[in-house]
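Please look at the sequence and the model on the screen. I will talk about charged side chains, and then briefly about cysteines.

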Amino acid sequence: MVKFGLRLSENRAAEYPPEAYVDYDGLKEIIKELAGKKLARVDSTTREVSLTAPPPTNAAGRMLTTDDSPVTEEDFYGSIDAQLAKVEKFTQEKVTELRGDIARLEGEVKGLDKGDEVECERVRERADECAKSFLILEKYVNLNFMGFHKILKKHDKNSPAHQCKQFYINRLHQQAWVRGDYSDVIVRLSAVYSALRDDHAAAENKDASQSFLRSTTKYWVRTEDVSKVKYAILKHLPVFLQKTSRGESDSQLTNSVYFDNDQLELYHGRLDKLPGAIAYRLRWYGTGDPKVVFVERKTHRDTWTGEASVKERFIVDPSEVKSVLNDQYPVAQKRQEMLLKKGATQAEVDDWETLVQEMVQVVQAKQLVPTMRTQYMRTAFQIPFDATVRISLDTNLCMISERGYNTEGGAKWFRDPEKPLADNEITRFPHAILEVKLELGGANAEPPQWVTDLQNSGMLYEVHKFSKFIHGCATLLPEYVRSVPYWVDDVSIRDSILRSGGGRILVKGDSETGVGPGANEIYNHLLPFGNIKEPRLDAKGRTANTVSLIESGEKSKETELTTADKYYAGAEVTDEEVVFNATVQGCCEDTCAGWLFPFCSGYNEEILAPTSVQKIEPKIFFANERTFLHWLHAGVVLYTIAAGILAFASETHSVSAHWYAMALLPISLGFCLYALHLFLWRAEKIKTRIPGRWDDSRGPLFLGGILAFVLFVNFLLKCREIRQYNEMMAHEL
């Protein structure tokens with residue numbers, strides 16, 4: 001492991017002077033001197049003192065607190081304070097400079113002629129420079145933040161009698177350069193890029209009931225990569241600010257209260273992905289008491305059936321929530337208001353009424369009560385009211401148990417925020433959650449290229465079907481759940497689950513496999529950061545769109561790559577950060593032909609499987625069997641033809657017929673062997689569910705080419721025999 005002092009010196013930004021960083025080496029020297037002291041300790045059990053008795057002394061006759069060394073603990077504390085002040089001052093200066101640069105950039109954009117491509121490109125380059133400066137500053141903050149943690153830990157280890165880490169860590173989190181929210185920089189840069197792209201807002205959907213058909217993929221994002229991911233997105237999509245937001249921050253507090261019954265019926269239905277499984281929640285945005293509440297229902301449907309999962313919702317006033325939960329909502333009255341005052345069409349009102357009645361009745365039918373609340377800061381990226389591509393990034397995610405208090409007949413449906421929470425009533429998730437939502441325009445909706453590039457950047461860790469509601473219930477209500485999601489075995493979230501009292505859902509530390517029973521025993525590539533036995537905390541992000549990486553020979557840094565360095569200025573490209581952005585037809589393609597016919601594809605030494613799983617439809621197992629039978633049928637037909645030709649050739653003593661039959665026999669055997677191998681190879685793919693191509697594009701071409709060659713040669717021989725026969729007949733005449 002690289003020592004932090006060396007890491008700090010290697011990762012300093014060239015734009016910043018070395019003295020701007022924490023003096024790690026200087027503080028370490030003070031700790032060494034303090035650790036070399038052998039001071040006698042004062043008796044800490046004494047509760048009385050005498051004003052006339054002399055203080056206690058050591059064997060040399062000196063006071064116990066007296067020391068001949070010029071370095072004292074106060075010197076260390078003073079140095080820490082000075083370093084904290086230095087880093088804070090430097091950070092504030094750089095933020096002020098950056099905001100000034102952006103202000104000047106905004107002035108240039110206002111007077112910019114969009115038809116002048118040269119000037120637009122110049123402004124765009126200046127915007128890129130501002131964004132890179134912000135990322136360099138964030139890296140500076142993270143290095144210093146880690147430096148203070150490391151040096152305080154070293155101090156407490158070497159001076160156990162004067163531990164101060166916890167005190168300074170609490171103080172560190174109160175520093176403006178740590179707790180400060182500089183996301184207004186993101187908002188302003190987003191507006192600049194949006195103006196350069198000339199984005200246009202779509203028409204707002206004002207329907208009282210709203211439905212969403214979309215494809216959603218979820219990823220974990222490390223905290224240190226959040227700003228890089230935001231920058232990568234805002235170059236293509238603007239930050240979408242809610243009407244209540246004034247632009248001071250790029251994110252908005254979002255609360256969602258999920259409902260379930262005592263048996264956690266909805267939890268288990270969503271976890272098992274049962275057809276028609278629903279999630280029922282109340283959502284509101286902003287701090288303080290809710291002003292507008294969205295009553296939402298998410299319904300799961302299997303895509304292989306031809307249907308898509310859907311989210312439906314309608315809007316109510318907070319004072320009306322109780323009537324919704326008690327089946328007393330005035331549907332008829334609201335219907336008339338929509339027709340008379342809001343000008344809704346009859347069809348829209350009918351759809352709204354059907355939705356409301358279903359959602360009101362399900363609360364009573366299933367005895368739903370508040371169960372789990374998720375709370376996070378959401379940054380949304382979207383062209384206003386255009387849901388073609390929508391990306392959301394949730395940070396500061398926590399789940400709060402909504403069990404254990406009196407709901408007062410539906411009057412209270414979330415905890416009093418003023419009351420403190422016990423450790424087992426809240427869990428804080430260590431990663432940010434990125435969701436890429438694509439409007440379903442067909443069966444094969446493809447994301448834009450820049451989304452694919454982001455997915456392959458190494459900053460995203462796809463977690464198949466991750467759910468905040470499911471994670472919160474499994475962690476905070478472990479005694480009620482019958483099964484848990486696979487991602488709880490991930491080593492990166494283990495500590496957060498243990499702190500919340502959810503240890504009973506985790507595998508024991510001395511487990512041989514490091515994972516619990518279930519999917520992770522078979523699909524060992526599901527966990528982004530590995531398990532406790534095989535941790536991969538430094539692994540680069542991999543997604544379903546990341547082609548399986550092949551370790552073959554030397555990796556050339558000159559190869560055209562997509563890495564996190566593309567979004568992080570000042571980072572060094574290392575071998576561990578290399579992520580191949582090859583296509584599925586590339587030389588490193590893992591196909592059946594590469595196993596059966598090694599010369600058809602590149603040599604595959606090791607395959608790094610992505611962290612997601614391929615969607616499996618029930619019919620795929622039977623399709624594999626049918627394909628196997630079709631290939632066997634072709635082989636048997638060829639063998640039958642070859643055997644028949646060979647039998648007749650023995651009677652006619654035809655040399656060409658003998659040759660033709662003997663050539664078809666090994667080809668028919670090759671068809672049968674290839675059918676068996678293809679069946680087993682694809683069955684293994686189905687078992688591991690590694691994303692990628694499950695068809696073989698080379699094997700059929702190889703076998704078909706050989707068969708076509710034999711047929712062509714036989715055709716030429718027959719033509720030759722016919723010509724010889726005609727010449728012989730002409731000669732006899």
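What follows is a short walk through salt bridges, a charged patch and two cysteines.

This is a predicted model, so local features need pLDDT of at least 70 and side-chain atom pairs count only at pLDDT 80 or more, while totals for chains, interfaces and linings use all residues. Residues are numbered from 1 along each chain as its sequence is written, and side-chain values use heavy atoms, with hydrogens and water left out.

A salt bridge here is a side-chain nitrogen of Lys or Arg within 4 Å of a carboxyl oxygen of Asp or Glu. The count comes to 30 salt bridges.

Take aspartate 394. Its salt bridge with arginine 378 has the closest N and O atoms 2.7 Å apart. Aspartate 394 lies in strand 8 and arginine 378 in strand 7, so the pair ties together parts that are 16 residues apart in sequence. Strands are DSSP runs of E, at least two residues; helices are runs of H or I, at least four; both are numbered from the N terminus.

Aspartate 394 also forms a salt bridge with lysine 468, at 3.2 Å between the closest N and O atoms. Lysine 468 is in helix 14, 74 residues apart from aspartate 394. Both are buried, meaning under 20% relative accessible area, with exposed over 50% and partly exposed in between (1.4 Å probe, protein chains only).

Now the cysteines. How many disulfides does the structure hold? Zero, a disulfide being a pair of cysteine sulfur atoms within 2.5 Å. Cysteine 120 is buried at 7% relative accessibility, and cysteine 130 is buried at 6%.

Last, lysine 153 is in helix 4 and, at 55% relative accessibility, counts as exposed.
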